[in-house]
Amino acid sequence: MTTPTPVYLDCDTGVDDAVALAYLLASPAIDLVGIGTVSGNTSAAQAARNTLDLLQLAGRGDIPVAIGAHDHLSHGFSGGAPHVHGDNGIGGVILPRATREPEASTAVELLIELSHRFSGRLHVLTIGPVTNIALALAADPALPERIAGVTTMGGAAVVPGNITPVAEANIFNDPEAAAVLLAADWDVTLVPLDVTMDHTLSEADRGALLTSADPFTRAIGELLDHYFDFYLGEYGIRTCALHDPLAAILAAGAVGLTRAPRVPVVVDTSAGPGRGQTIADLRGQRMGVRDHAGSRIRVVLETDAAITPHLVETLLAVGTPSLRS
Ligand code: BDR
Ligand code: CA
């Protein structure tokens, strides 16, 4: 078996963040070595509380969680998305309170420390606004030299946004930070709405999670309830998009890519109607994937398989007593 990849996760936990976390904990390809939180779906402090509570329920209270940016680079935190993720960010579900508290260090300090400890091997996975990453790059411009790669859930290349006609939530919450991340000299896999909206969870999948012998897996099934209510208005049935779980699965290398061109991507940071748009140069892609020489940003547009069976199977495997000691 290959050595698991050390991963720093930056998140705004969040229902689909919680599902991604569950996947990362269960995946043998991933060694989750630290987590930073940021305001997005909920505040950075509440996201840390949610993450710590989930980790303890999963028996992984050993993983450090550091609170990151409350406010975004150019504006204050606007209060999150309770209509999507519930008042507490995890669908209103009250979890047993973890005994472990957040680290004394900030998310930026944790990321930089981990980048030294796992120099050349650390993978950065972001599933929220990327404020912490921009701040880390400002604090330590040499950071990219120690990072093996970055996977970022965010953006909308050719499909509509989910906050404005052109902007996706993670990018819209902090376009200036996203612009910094995409301009840095490292390999980025961008996972936009173009592909995340194609992967969904059904009521039958949620029902299967609810029957797990593992309390953590059951909790994941419970907190999806509120999220399914929101997506009823998007898909016409109770379901949800697997934004953050897809990014986690891609970071684990568990699914192949059929369309993922390496192209320049810039973020609109203007104050106009285009604010937060990810402008990917997809000209010339009609006859198959054509990579732009020099671009280090891979825009995922299509995977070679549906991820849902793999996701559900991986989460349910945890319910097997021998897998959680
Ligand atoms: C992204 O925004 C958040 O609401 C989700 O957690 C996901 O990271 C999808 O646009
Ligand atoms: Ca998220």
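**Warm-up.** Which residue forms a salt bridge with R296, and how far apart are the closest N and O atoms? D185 does, with those atoms 2.7 Å apart.

Before going on: this is a predicted model, where local features need pLDDT of at least 70, side-chain atom pairs count only at pLDDT 80 or more, and totals for chains, interfaces and linings use all residues. Residues are numbered from 1 along each chain as its sequence is written, chains are lettered from A and ligands numbered from 1 in the order in which they are written, and side-chain values use heavy atoms, with hydrogens and water left out.

**Exercise 1. Place the D185–R296 pair in the chain and say how exposed each partner is.**

- Step 1: recall the criterion, a side-chain nitrogen of Lys or Arg within 4 Å of a carboxyl oxygen of Asp or Glu. The structure holds 16 such salt bridges.
- Step 2: find the loops. D185 sits between α7 (175–183) and β6 (188–191), and R296 between β11 (278–280) and β12 (297–299), 111 residues apart. Helices (H or I, at least four residues) and strands (E, at least two) are DSSP runs, numbered from the N terminus.
- Step 3: check accessibility. Buried means under 20% relative accessible area, exposed over 50%, and partly exposed in between (1.4 Å probe, protein chains only). D185 is exposed at 57%, while R296 is partly exposed at 33%.

**Exercise 2. Work out the salt-bridge network that contains E203.**

- Step 1: start with E203, which pairs with R238, the closest N and O atoms being 2.6 Å apart. E203 lies in helix α9 (residues 203–210) and R238 in the loop between α10 and β8 (240–241), so the bridge ties together parts 35 residues apart in sequence.
- Step 2: add R206 and D225, whose side chains meet at 3.5 Å, N to O. R206 is in helix α9 and D225 in helix α10, 19 residues apart.
- Step 3: compare burial. R206 is buried, with a relative accessible area of 10%, whereas D225 is partly exposed at 33%.
- Step 4: join them up. Shared partners put E203, R206, D225, D229 and R238 into one network.

**Exercise 3. Which residues coordinate the calcium ion (ligand 2)?**

- Step 1: list the donors, meaning N, O and S atoms within 2.8 Å of the metal (3.2 Å for Na, K and Ca); water is not among the atoms, so sites may look incomplete. They are D12 (OD), D17 (OD), D17 (OD), I127 (O) and D244 (OD), at 2.2 to 2.7 Å.
- Step 2: write the spacing along the chain: D-x4-D-x109-I-x116-D.
- Step 3: locate two of the donors. D12 is in the loop between β1 (5–11) and α1 (15–26), and I127 in the loop between β4 (122–126) and α5 (131–139), 115 residues apart.
- Step 4: look up their accessibility. D12 counts as buried at 1%, and I127 counts as buried at 1% too.

**Exercise 4. Which side chains of α7 are buried, and how are they arranged around the axis?**

- Step 1: pick out the buried ones, namely P175, A177, A178, L181 and L182.
- Step 2: take the arc, that of the directions from the helix axis to the C-beta atoms. These residues cover only 155°, which puts them on the same side of α7.
- Step 3: recall the helix geometry. An α-helix has 3.6 residues a turn, so residues three or four places apart point the same way.
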